[in-house]
Structure formats: C-alpha cells, structure tokens
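Colleague: I'm new to reading models like this one. Could you walk me through how the labels get decided?

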Amino acid sequence: MDHSPGFLKLANDAKTRVKEISVAQAQARLRSNPNAVLIDVREDNEWNAGHAVEARHLGKGILERDLEKMFPDADAELIMYCGGGFRSALTCDVAQRMGYKNVFSLDGGYKAMVKANWPMQ
C-alpha cells in the first residue's frame, strides 16, 4: 500500500514508543498467557473480509471510546494488529497514553499473519 508521507511520519513516530512483536512472538505470548487478547484494529469491512480466529474487533476509529469498556484492566496484555503494522502502532501509542502498560503492536499485521498461516475466519 502506498501511504502518504504525513501518515508514515505519525506511524513511525509512534513506533519509537511502542513495543513491536513478530508473528511468532505474538503466537507464543497468546499460548503462554490465556488472558492475553489479540485485537484487530482494522475497519469493519476489513474485519468482515477475514480476521484471526481468536481476535476481538475494536476498530481504530472507536478505540479511544471503547477500549476501557472492553478491557478495563490497564495491566491486560493486549496485542494489536492492522493490515501491515502502522495503524496498530498508532493504536498502541494511544492505549499507552490512556494508561495501558502491556501493549504490543504486531509487526507486519494481517499480511504477515496470513503469510505465516495464522488460522483465519
């Protein structure tokens, strides 16, 4: 995808403050912590076209409004993914500013998950 320079500047700035993990690391974290949550932050149409089996959907557009309602524990382990890893970096940055302490952005996002044969529905 061809991203605009302004968007890339914002996303790359957010990436300096968030923890990015690989697909393998995300799978390991989800296996080792049954309370960890995989969150798909893509748009509704992207979610409807396919998503990780165990994912919860909380689109970037409503994340700030609904994050605390869906996940009231600021210590919860949250792994966010989008299409390629930029929007999830932005949402992780916001979650951290909201007080969440254990937030990770999945590097490569949905595309990397599909390439790694992550179970999808």
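Colleague: What makes the crossing of α1 and α5 left-handed?

Modeller: Keep in mind that this is a predicted model. A crossing gets that label when the near helix is turned anticlockwise from the far one by less than a right angle. α1 passes α5 in just that way, so the crossing is left-handed.

Colleague: And which residues of α1 and α5 make the contact?

Modeller: On the α1 side they are Phe7, Leu8, Leu10, Ala11, Asn12, Ala14 and Lys15. From α5 come Phe86, Arg87, Ala89, Leu90 and Asp93. By kind, the residues of this contact split into eight nonpolar, one polar and three charged.

Colleague: Why are α1 and α5 called oblique to each other?

Modeller: Look at the angle: the two helices pack at about 55°, and their axes are 8 Å apart. Roughly parallel needs an angle under 35 degrees, and roughly perpendicular runs from 65 to 115. An angle of about 55° fits neither of those, so α1 and α5 count as oblique.

Colleague: How do you know that the length of α5 agrees with what a helix should span?

Modeller: Helix α5 covers residues 86-97, which makes 12 residues. You take 1.5 Å times one less than the number of residues, and for α5 that comes to 16 Å. The C-alpha atoms at its ends are 17 Å apart, so the two values agree.

Colleague: What makes α5 "mostly covered"?

Modeller: Nine of its 12 residues are buried. They are Arg87, Ser88, Ala89, Leu90, Thr91, Cys92, Asp93, Val94 and Ala95.

Colleague: What do those buried residues of α5 pack against?

Modeller: Quite a list: α1 (5-15), α3, α4 (63-70), β4 (77-81) and β5 (102-106). Then, just after α5, Gly99 takes a positive phi of about 110°.

Colleague: Back to α1 for a moment. Is Ala14 buried or exposed, and why?

Modeller: Ala14, which sits in helix α1, has a relative accessibility of 0%. Buried means under 20%, so Ala14 counts as buried. Setting aside neighbours within four places in sequence, Ala14 touches Ala89, Leu90 and Asp93.

Colleague: How do you know whether His51 is buried or exposed?

Modeller: Its relative accessible area is 8%. That value is under the 20% limit, so His51 is buried. His51 lies in the loop between α3 (44-49) and β3 (56-57). Leaving out neighbours within four places in sequence, His51 is in contact with Asp40, Arg42, Tyr81, Tyr110, Pro119, Met120 and Gln121.

Colleague: What about Ala49: buried or exposed, and why?

Modeller: Ala49 is a residue of helix α3, and its relative accessible area is 68%. Exposed means over 50%, so Ala49 is exposed. Here's something to look for on the screen: the C-alpha atoms of Ala49 and Gln121 are separated by 8.6 Å, though the two residues are 72 residues apart along the chain.

Colleague: Why is Asn117 called exposed?

Modeller: The reasoning uses that cut-off again: Asn117 has 68% relative accessibility, which is over 50%, so it counts as exposed. You'll find Asn117 in the segment after α6 (109-115). Its phi is positive, about 60°, although Asn117 is not a glycine.

Colleague: One last case. How do you know that Asp2 is exposed?

Modeller: Try the check yourself: Asp2 has a relative accessible area of 77%, and exposed means over 50%, so Asp2 is exposed. Asp2 lies in the segment before α1. From Asp2 to Asp73 it is 71 residues in sequence and 36 Å in space, C-alpha to C-alpha.

Conventions:
Residues numbered from 1 in each chain as written. Predicted model: local features only at pLDDT ≥ 70, side-chain atom pairs only at ≥ 80, totals over all residues. Heavy atoms only, no water. Helix = DSSP H or I, 4+ residues; strand = E, 2+ residues; numbered from the N terminus. Buried < 20%, exposed > 50% of the residue type's maximum accessible area, 1.4 Å probe, protein only. Contact = heavy atoms within 4.5 Å. Axes fitted to C-alpha atoms, helices over the stretch in contact; angles between N-to-C directions. Parallel < 35°, antiparallel > 145°, perpendicular 65-115°, else oblique. Nonpolar A, V, L, I, M, F, W, Y, C, P; charged D, E, K, R; others polar.
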